Amino acid sequence: MRIAVQLHPQHAEYSDIRAAVKRAEDLGVDAVYNWDHFYPLYGDPEGKHFEAWTMQAAWAEQTTSVTIGCLVSCNTYRNPDLLADMARTVDHISGGRFVLGIGSGWFEKDYEEYGYEFGTAGGRLDALGEALPRIEARLRALNPPPTRRIPILIGGGGERKTLRLVAKHGDIWHTWYNPAKPHIWLHKKDVLARWCAEVGRDASEIELSVGGDLTPAVGDDLAGHGVAELTIGLNGPAYDMTRVTEWLAWAR
């Protein structure tokens, strides 16, 4: 199982974030993610915060071994063809260590403050469904092309639309896992398998990725369920790596 960290780009100076990336890579994590928001999600709602995509490009230059990406990029903040070009560029900067994480968006304050139409959850998911084929087509058309077929990570657990999009377009499915209620995640995993069967896809082609307030006590259960990657969320400015070291010790 790969161990990843999500460095929440809030309540910190960029120097704190950069130092946390270095600590995470030096510890031996497999992936480092941020998120795609414009304001903090918790703590002071007007606190310090940095933009995701410019940060990913900086991480691509700073790091040498970890996979980098966003959990997850918001589809409706950017033209899909432009997003594909941005992804291809970060892929090249990183030397092929980039994962394109994407979702439909949900944080209303981001939309209101930056002038995007919030609409409805269903409408945002429909927009994601329209964007994914455009992203895939643009990635194929770019010159130079990506260094590899960039994996697409889709975040979310909606059973009617999101998991169908994962079945059609995703290489990685990311969602939350509650160890007190594992049946919820297992049910969604079964729903994804049914969608894969409907669209003619082998469900085993899609890697399973989870996040949550998890300790290594549930590591064997996650591995038994076929989870390929666990992500630990960390807040600034300290970015305490204690849980990261515990999970790395379990994984080794």
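Me: What does buried mean here, and what is the relative accessibility of Phe-38 in this predicted model?
Reply: Buried means under 20% relative accessible area, exposed means over 50%, and partly exposed lies in between. Phe-38 falls under the 20% cut-off, so this residue counts as buried. Its relative accessibility is 12%.

Me: Is Tyr-114 buried, exposed or partly exposed?
Reply: The relative accessible area of Tyr-114 is 46%. Buried needs under 20%, and exposed needs over 50%. The value for Tyr-114 fits neither, so the class is partly exposed.

Me: How many aromatic pairs does the whole structure hold, and how are the rings of Phe-38 and Tyr-114 arranged?
Reply: A search of the whole structure gives 14 aromatic pairs. The ring centres of Phe-38 and Tyr-114 are 4.1 Å apart, and their planes meet at 20 degrees. Planes under 30 degrees apart count as stacked. The arrangement of Phe-38 and Tyr-114 is therefore stacked.

Me: How many residues apart in sequence are the parts that Phe-38 and Tyr-114 tie together?
Reply: Phe-38 sits in the loop between strand S2 (31-34) and helix H2 (52-62). Tyr-114 belongs to helix H4 (residues 108-114). The pair therefore ties together parts whose separation in sequence is 76 residues.

Me: Which residues form one aromatic cluster with Phe-38?
Reply: Tyr-114 is one of the cluster members. The others are Tyr-39, Tyr-77, Tyr-111, Tyr-116 and Phe-118.

Me: How many helices and strands does the protein have?
Reply: Helix H3 (residues 80-94) is one of the helices, and Val-90 lies in it. Strand S3 (67-70) is one of the strands. The full count is nine helices and nine strands.

Me: What is the radius of gyration, and which value would a compact globule have?
Reply: The protein has 252 residues. A compact globule with that number of residues would be near 18 Å. The protein agrees with this, because its radius of gyration is 17 Å.

Me: What percentage of the residues count as buried?
Reply: The C-alpha atoms fill a box of roughly 45 × 40 × 35 Å along the principal axes. The protein exposes about 11200 Å², and carbon and sulfur atoms supply 52% of that area. Of the 252 residues, the share that counts as buried is 52%.

Me: Among contacts between residues at least 6 apart in sequence, what percentage join residues at least 24 apart?
Reply: Val-90 gives a case to look at. Leaving aside neighbours within four places in sequence, Val-90 is in contact with residues including Trp-53 and Ile-68. Across the protein, the percentage is 74%.

Me: How far apart are the centres of the positive and negative side chains?
Reply: Count the two sets before comparing their centres. There are 26 positive and 34 negative side chains. The centres of the two sets are separated by 4 Å.

Me: Which peptide bond is cis, with omega near 0 degrees?
Reply: One cis bond joins Leu-71 and Val-72, but its omega is about -15 degrees. Val-72 is in the loop between strand S3 (67-70) and strand S4 (73-74). Pro-144 is in the loop between helix H5 (121-141) and strand S6 (152-155). The bond asked for runs from Asn-143 to Pro-144.

Me: Is His-11 buried or exposed?
Reply: His-11 is in the loop between strand S1 (2-7) and helix H1 (14-27). Its phi is positive, near 55 degrees, though His-11 is not a glycine. The relative accessible area is 17%, which is under 20%, so His-11 is buried.

Me: Where is Tyr-239, and what is its relative accessibility?
Reply: Tyr-239 lies in the loop between strand S9 (227-234) and helix H9 (242-251). Its phi is positive at about 50 degrees, although Tyr-239 is not a glycine. Tyr-239 counts as buried, and its relative accessibility is 0%.

Me: What distance separates the C-alpha atoms of Gly-170 and Gly-101?
Reply: Gly-170 is in the loop between helix H6 (162-169) and strand S7 (172-176). Gly-170 is buried, with a relative accessible area of 0%. Gly-101 is 69 residues away along the chain, and the C-alpha distance is 9.5 Å.

Terms used
Residues are numbered from 1 along each chain as its sequence is written. This is a predicted model: local features need pLDDT of at least 70, side-chain atom pairs count only at pLDDT 80 or more; totals for chains, interfaces and linings use all residues. Side-chain values use heavy atoms; hydrogens and water are left out. Helices (H or I, at least four residues) and strands (E, at least two) are DSSP runs, numbered from the N terminus. Buried means under 20% relative accessible area, exposed over 50%, partly exposed in between (1.4 Å probe, protein chains only). The radius of gyration is taken over C-alpha atoms; the globule rule is 2.2 Å times the number of residues to the power 0.38. Contact means heavy atoms within 4.5 Å. Accessible areas come from the Shrake-Rupley method with a 1.4 Å probe; for residues, only the protein chains shown count as cover. Lys and Arg count as positive and Asp and Glu as negative; His and the chain ends are not counted. The place of a charge is taken as NZ of Lys, CZ of Arg, CG of Asp or CD of Glu. Rings of Phe, Tyr and Trp (its six-membered ring) pair if their centres lie within 6.5 Å; planes under 30 degrees apart count as stacked, over 60 as edge-to-face and the rest as tilted.
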